[in-house]
Amino acid sequence: MITNKEIPVNTSSLNQISTEDEILILGGGVAGCAASIALARKGRSVTLIEREPAPRHKVCGEFLSGEALEDLHELGIDVASLGAAPIDYVRLAAARRAAEAPLPFPAASLTRKALDTALIAEAIAAGVRVERGRSVQSLSRTRCNAWQATLDDGSTRKAPTVFLATGKHDLRGYARPKDPDRWVAFKTYFRLAPAQSAELERASELMLYPGGYGGIQPVQGGNANLCCVVQQRYLARVGNRWENFLAKMQQDCPHLAMRLAGAEPLLDKPIAITHIPYGFIRRTTEDALYCIGDQAAVIPSFTGDGISIALHTARCAVAAYLAEESAPLFQARMRSALLPQMRLAELAADGLNNSLARAVLPFCLNVWPGVMRLTARLTRVAQHATVAAHAVAG
Ligand SMILES: Cc1cc2nc3c(=O)[nH]c(=O)nc-3n(C[C@H](O)[C@H](O)[C@H](O)COP(=O)(O)OP(=O)(O)OC[C@H]3O[C@@H](n4cnc5c(N)ncnc54)[C@H](O)[C@@H]3O)c2cc1C
């Protein structure tokens with residue numbers, strides 16, 4: 001079973017909650033924690049509200065790109081010491097064929113539970129007041145124009161500035177557009193048979209099938225993460241049942257069937273989410289409301305770049321706030337910066353979901369591994385001058 005040491009709620013800080021802080025951060029995932037750590041280190045008083053009492057499994061492929069590793073390193077998160085599995089190359093499997101190409105940057109894989117645990121711990125260490133197990137129900141303005149968040153127990157928290165970082169979950173009044181394709185995503189873990197585990201070592205494998213795509217890659221502890229997305233209408237064709245969908249994926253993609261032969265599932269059932277507005281980039285926001293992470297932009301999952309965007313938007317929002325750049329200006333600037341890579345990623349996602357492209361792709365795979373390298377590079381959102389090779393165990 002996948003387990004993680006869970007850190008207790010910081011009750012000492014709960015007793016000291018002030019009614020008004022300088023900054024309120026809603027959501028304690030990647031973006032919320034990253035922003036809170038950076039702001040607290042600059043001496044700002046920050047309260048972070050996270051609805052889960054402790055980190056738990058999240059639907060995510062758990063691939064950490066070079067940019068993500070670099071940002072995490074700057075935040076003081078040493079993924080190697082957390083047991084992250086290094087990833088050196090990507091393998092693309094369609095129908096009965098597969099091809100691989102080395103990644104143009106160092107990458108790693110780490111369970112979200114481990115990553116979120118480390119980020120929350122770092123936020124507490126940086127002096128952030130972390131309130132966990134409390135869900136924000138609504139956000140409004142007070143008469144003095146401060147923000148007021150109302151929590152599920154009816155209590156309120158006020159601050160002049162809010163960072164909205166609730167990830168996949170929309171806050172009432174701040175919803176993102178509907179997802180017309182009605183994507184459904186699943187994640188689970190397997191312990192692979194030894195030979196398959198050895199084959200998968202240091203690789204992230206992307207598999208294509210009608211109606212979606214999935215990825216399998218090693219995570220810490222010698223386990224493998226299987227994460228997949230499918231449009232609702234395709235899931236309906238197999239009776240909306242995970243077991244049927246898993247069998248269909250293996251039928252459509254024998255490479256996955258080979259990987260899972262003799263594998264032991266580690267979760268009783270997969271975790272799932274729906275409504276993923278891929279391609280969303282927030283156009284604008286209100287004064288003193290900085291939207292970050294999935295609340296700023298949602299890149300197609302196959303790129304494995306959502307965590308990097310979450311960290312990048314958090315870092316940029318903190319810089320904008322400290323430079324007294326208004327939130328609407330920040331949001332517009334962020335949109336322009338993200339737009340080219342987002343559109344390219346969407347175009348590539350459409351290609352992967354196109355049956356003709358899927359039929360042709362297997363024959364191109366061995367000819368153009370360079371295309372995979374190029375796509376991997378171009379769909380990165382933030383290009384840093386240096387890459388965090390030191391952050392991953394060789
Ligand atoms: C199928 C799939 C696979 C993916 N695979 C990858 C991958 O391999 N690599 C990668 O880089 N990215 C991947 N992503 C994207 C990545 O998971 C997200 O982009 C990233 O987690 C966004 O970070 P965030 O901080 O915005 O949201 P999250 O990390 O989801 O954090 C949001 C937090 O807000 C909390 N919250 C929500 N509502 C409230 C509320 N009302 N009150 C208080 N707290 C609240 C939640 O509990 C959560 O902890 C994948 C996404 C999907 C859907």
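Which helices and strands each supply at least two residues of the shell around the ligand?

## The shell around the ligand

In this predicted model, four elements fit that description: helix H2 (30-41), strand E2 (46-50), strand E14 (224-231) and helix H9 (306-322). H9 gives the most, with three residues in the shell.

The ligand has 38 residues around it, and the ones that come nearest are Glu 50, Gly 61, Arg 112, Asp 294 and Ile 307. Sorted by class, the shell is a mix of 16 nonpolar, 12 polar and 10 charged residues.

## Polar contacts and cover

Let's start with Glu 50, which sits within the range of strand E2 (46-50). One of the polar side-chain atoms of Glu 50 is 2.7 Å from an oxygen atom of the ligand.

Over at H9 (306-322), the backbone gets involved. Ile 307 has a backbone N or O atom 2.8 Å from a ligand oxygen, and for Gly 306 a backbone N or O atom lies 3.3 Å from an oxygen atom of the ligand. As for cover, the ligand on its own has 1,000 Å² of accessible area, and the protein covers 95% of that.

## How H9 packs against H3

H9 also has a helix partner. Helix H3 (residues 66-75) packs with H9 at an angle of about 50 degrees, and their axes are 8 Å apart. Angles from 35 to 65 degrees fall outside the roughly parallel and roughly perpendicular ranges, so H3 and H9 count as oblique to each other. As for handedness, the two helices make a left-handed crossing.

Note on methods. Residues are numbered from 1 along each chain as its sequence is written. This is a predicted model: local features need pLDDT of at least 70, side-chain atom pairs count only at pLDDT 80 or more; totals for chains, interfaces and linings use all residues. Side-chain values use heavy atoms; hydrogens and water are left out. A residue is near a molecule or strand if one of its heavy atoms lies within 4 Å of it. A polar contact is a pair of N or O atoms within 3.5 Å; within protein, one must be able to donate a hydrogen and the other to accept it, and residues adjacent in sequence count only if both atoms are side-chain atoms. Accessible areas come from the Shrake-Rupley method with a 1.4 Å probe; for residues, only the protein chains shown count as cover. Ala, Val, Leu, Ile, Met, Phe, Trp, Tyr, Cys and Pro count as nonpolar, Asp, Glu, Lys and Arg as charged, and the others, Gly among them, as polar. Axes are lines fitted to C-alpha atoms, for helices over the stretch in contact, and angles run from 0 to 180 degrees between N-to-C directions. Angles under 35 degrees count as roughly parallel, over 145 as roughly antiparallel, 65 to 115 as roughly perpendicular and the rest as oblique. A crossing is left-handed if the near helix is turned anticlockwise from the far one by less than a right angle, and right-handed if clockwise.
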